[in-house]
Amino acid sequence: MKQETEEQQDFVKEVTKMSDDFDRWYTDVVRKAELADWSGVRGMMVVRPYGWAMWEAIQRAFDDMIKESGHENWAFPLLIPRGYLMKEAEHIEGFAPEVAWVTKAGGQMEELDEPLAVRPTSETIIGAIIRRYIQSHRDLPKLTNQWNSVVRWEMRSRLFLRSREFWWQEGHTFHASAQEAIDEADLILGYYRSIAEDWLAVPVLAGKKSPSETFPGAVHTLTVEGLMRDQLALQMGTSHYFGQNFARAYDISFSNRENERELCYSTSWGISTRLVGALVMGHGDDSGIIVPPRVAPIQVIVVPIFRDDEGQAKVRRFIDSWSGDLKHSGVRHRVDWRDERPGDKYAHWELKGVPLRLNVGARDADAGQVEMVDRLTRQKVSVPVAGLGERLRKELEDFQSRLFDRAMKFQSDHSYELRTLDEVVAHFRDRGGFVWTEWCGDADEEARIKAEAGGVTIRVIDEKAKVTGKCVVCGRPSTYRVALAKAY
Ligand SMILES: [Zn+2]
C-alpha cells in the first residue's frame with residue numbers, strides 16, 4: 001500500500017494566511033468557503049447553504065437530545081409589546097441598548113399605540129404566555145424550546161460571531177422546585193458540552209460565570225468556553241438559572257402540593273449560529289477551514305481525473321460501481337464533475353475543509369482502488385474499493401477524534417497557571433490562552449484585572465476545584481479557582 005504525504009502545496013490562493021492575519025483569514029475563509037456573507041442590510045448576514053447545513057447538523061443533534069429528555073418545541077411571536085419587556089428591570093436594563101423597535105406599520109406608516117420590540121430573546125413574552133398553562137404542580141415542569149432568529153442592534157459586526165440577526169435555539173423551562181431548575185440548567189450545560197466536544201470536536205471549559213458576567217436577571221449563568229486558534233476564548237453556549245426572578249415579574253405561579261400558591265423556578269439556555277464560527281476558528285489552518293465529520297455537509301469529496309471523453313466514461317463507470325456502497329454506509333459524499341482542473345478542485349475542497357478527498361483516475365479504475373487524501377494530515381494512501389463505504393466510515397470517525405485530540409493539545413499547550421496580577425498582566429502582553437488562577441470574589445478586583453490586562457475576563461469559575469491559595473489580586477485567601485482569557 002503506498003503512503004505518502006501531500007506536500008503543503010499552495011492549492012489555495014487568494015486567502016490571507018491564518019499565520020499572517022487571523023482576523024482577515026477568518027473573514028476570507030468564511031466568505032470564500034461559502035459559509036456566509038454580508039447581506040446589504042447593515043450588520044445582518046446571510047448564511048449560505050454550506051454554512052447552514054452545518055447549523056442544521058448541530059440543530060438535529062441538539063434537538064434529539066432535548067426531545068429525549070422531554071422538552072417540546074414551540075413557536076412564540078417575533079414581536080414583544082414594550083410593556084412585557086419592561087417588567088423585569090434588570091433584564092431590560094441589560095438588553096435596552098440592543099433592542100430594535102417597530103413603531104410604525106401599514107401603508108400610511110401609522111404610528112403604533114405601543115412600540116413592539118423585535119425579540120432580542122424571549123423570556124419576557126414566554127413568561128407572559130406560559131402562565132396561562134400553569135395552574136397546579138401537576139402542570140410542571142414546562143419544558144419549552146424554540147428555534148428562531150433574534151435581533152440585537154450590535155454596533156460592531158463579525159460574521160457568525162456578532163451580527164444584528166442570528167439564529168439560535170432558546171429553551172425556557174418552568175419548575176416546581178429550585179433544585180429541579182438548577183438540575184435542568186446543569187443538564188443542558190452537559191448537552192452543550194457534548195455539542196462542542198463530541199460534534200464540533202472543540203474541547204471546552206465548563207463552569208459558572210462570575211456575577212458581573214451573569215445574564216441580566218439570572219441567579220447564576222453556566223457557560224462552555226472554547227479556545228480558538230488565535231488563543232482567544234469563545235463562549236459557545238450558556239445556561240441560566242433564574243430562581244423565581246422571572247416568575248415574580250410575570251406572576252407565573254402554581255398551587256403546590258400543600259395547595260398554596262408558589263412562584264415557579266425557571267431557566268433559559270441557548271446556542272447559536274456562532275458555533276459555526278467556533279468550528280472555523282477552532283480548527284482552521286492556512287489552507288482554509290477543517291470541518292468535523294459529524295457536522296460536515298460533505299464528508300468525502302470525489303475528484304475524477306481524466307484526459308478525454310473515453311477516460312471520463314471509464315472513470316464515471318468506475319465511480320458509479322461503488323458510490324452506492326458509500327451511500328449505503330451513510331457516508332455523505334459528492335462527485336465533483338465541474339469543468340475545472342483537478343488542482344483547482346483540490347484547492348476548492350481544501351478551503352471548504354472536506355475531511356477526506358478521493359482522487360480517481362483511469363489507472364485507479366484498472367487497479368480497483370482510489371487515492372484517499374486526509375485534510376488534516378495531508379497523507380495520501382491507496383485504498384481498495386472493496387469495502388470502501390465501511391472503510392471511509394471508520395476513517396471519518398478516526399478523523400473526528402484526531403481533530404478533537406489536536407484541539408485538546410492546542411488547549412493544553414495554551415493553558416497556564418499564574419499567581420499574581422503582575423504575572424497575569426505580563427502574560428497577556430504577548431500571549432493568550434487560558435490562565436488558571438485564584439480569586440477572592442471581589443468585583444472591583446475583577447474589574448481591575450480587566451483594566452490592567454487589556455480586557456481579560458474571568459471566563460469560568462471551576463466550582464469543583466479545591467481552593468488553597470491566595471487571590472491573584474489582593475493576596476487574601478481565595479474563594480474561587482478561575483480561568484482568565486481574552487475573549488470574543
Ligand atoms: Zn482578592
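This briefing walks through a zinc site, the nonpolar cores, two groups of strands and one buried histidine. Please keep in mind that the model is predicted. A good place to start is the zinc ion, which is held by C440, E445, C471 and C474 in a tetrahedral site. From there we move to the 62 residues of the largest nonpolar core, and then to the strands, including β18, where 5 of 5 residues are buried.

**The zinc site**

- Three cysteines and a glutamate supply the protein donors of the zinc ion: the SG atoms of C440, C471 and C474, and an OE atom of E445, at 1.9 to 2.3 Å from the metal.
- The angles among the 4 donor atoms run from 100 to 117°, and the site is tetrahedral.
- Along the chain, the donor residues follow the spacing C-x4-E-x25-C-x2-C.
- C440 sits in the loop between β22 (434-439) and α14 (443-452), while C474 sits in the loop between β23 (457-462) and β24 (480-485), so this pair ties together parts that are 34 residues apart in sequence.
- These two cysteines also have their own exposure values: C440 is buried, at 14% relative accessible area, whereas C474 is partly exposed, at 33%.

**Nonpolar cores**

- Within the largest nonpolar core, which counts 62 residues, the members that touch the most others are L35, F62, F160, I195, L200, M236 and I289.
- Take I195 as a way in: beyond its neighbours within four places in sequence, I195 is in contact with I58, A61, F62, M65, L200 and L275.
- There is also a second, separate core of 25 residues, with A201, W322, L326 and V383 among them.

**The three-stranded sheet**

- Strands β5, β7 and β6 form an open antiparallel sheet, in the order β5-β7-β6.
- The edges belong to β5 (79-81) and β6 (100-105); each has a single partner strand, so one side of each is left without a neighbour in the sheet.
- On average, and ignoring direction, neighbouring strands of this sheet are turned by 45° against each other.
- On one side of the sheet, β5 and β7 run antiparallel and are joined by 3 bridges, with P81 standing opposite L116 of β7.
- β6 pairs with β7 (residues 110-118), also in the antiparallel sense, over 5 bridges.
- L116 turns up here too, as V102 stands opposite this β7 residue, and A105 has E110 of β7 as its bridge partner.
- β6 and β7 make a hairpin with 4 residues between them, and G106 in the turn has a positive phi of about 90°.

**Strand β18 and its partners**

- β18 (residues 356-360) is mostly covered, with 5 of its 5 residues buried.
- L356, L358 and V360 point one way from β18, and R357 and N359 point the other way; all are buried, the arginine and asparagine included.
- With β16 (residues 300-304), β18 pairs in the parallel sense over 5 bridges; L356 of β18 is the bridge partner of V300.
- With β19 (residues 369-374), β18 pairs in the antiparallel sense over 4 bridges; here R357 has V373 of β19 as its bridge partner.

**A buried histidine**

- You will find H137 in the loop between α5 (123-130) and β8 (142-151).
- H137 counts as buried, at 17% relative accessibility.
- Leaving aside neighbours within four places in sequence, H137 is in contact with F254, S255, N256 and R257.

Methods
Residues are numbered from 1 along each chain as its sequence is written. This is a predicted model: local features need pLDDT of at least 70, side-chain atom pairs count only at pLDDT 80 or more; totals for chains, interfaces and linings use all residues. Side-chain values use heavy atoms; hydrogens and water are left out. Donors are N, O and S atoms within 2.8 Å of the metal (3.2 Å for Na, K and Ca); water is not among the atoms, so sites may look incomplete. Four donors count as tetrahedral if all angles lie between 85 and 135 degrees; four count as square planar and six as octahedral if opposite donors are over 155 degrees apart and all others between 65 and 115; anything else is irregular. Helices (H or I, at least four residues) and strands (E, at least two) are DSSP runs, numbered from the N terminus. Buried means under 20% relative accessible area, exposed over 50%, partly exposed in between (1.4 Å probe, protein chains only). A nonpolar core is a set of buried Ala, Val, Leu, Ile, Met, Phe, Trp, Tyr and Cys residues joined through side-chain atoms within 4.5 Å. Contact means heavy atoms within 4.5 Å. Two strands pair if DSSP finds at least two bridges between them. Axes are lines fitted to C-alpha atoms, for helices over the stretch in contact, and angles run from 0 to 180 degrees between N-to-C directions.
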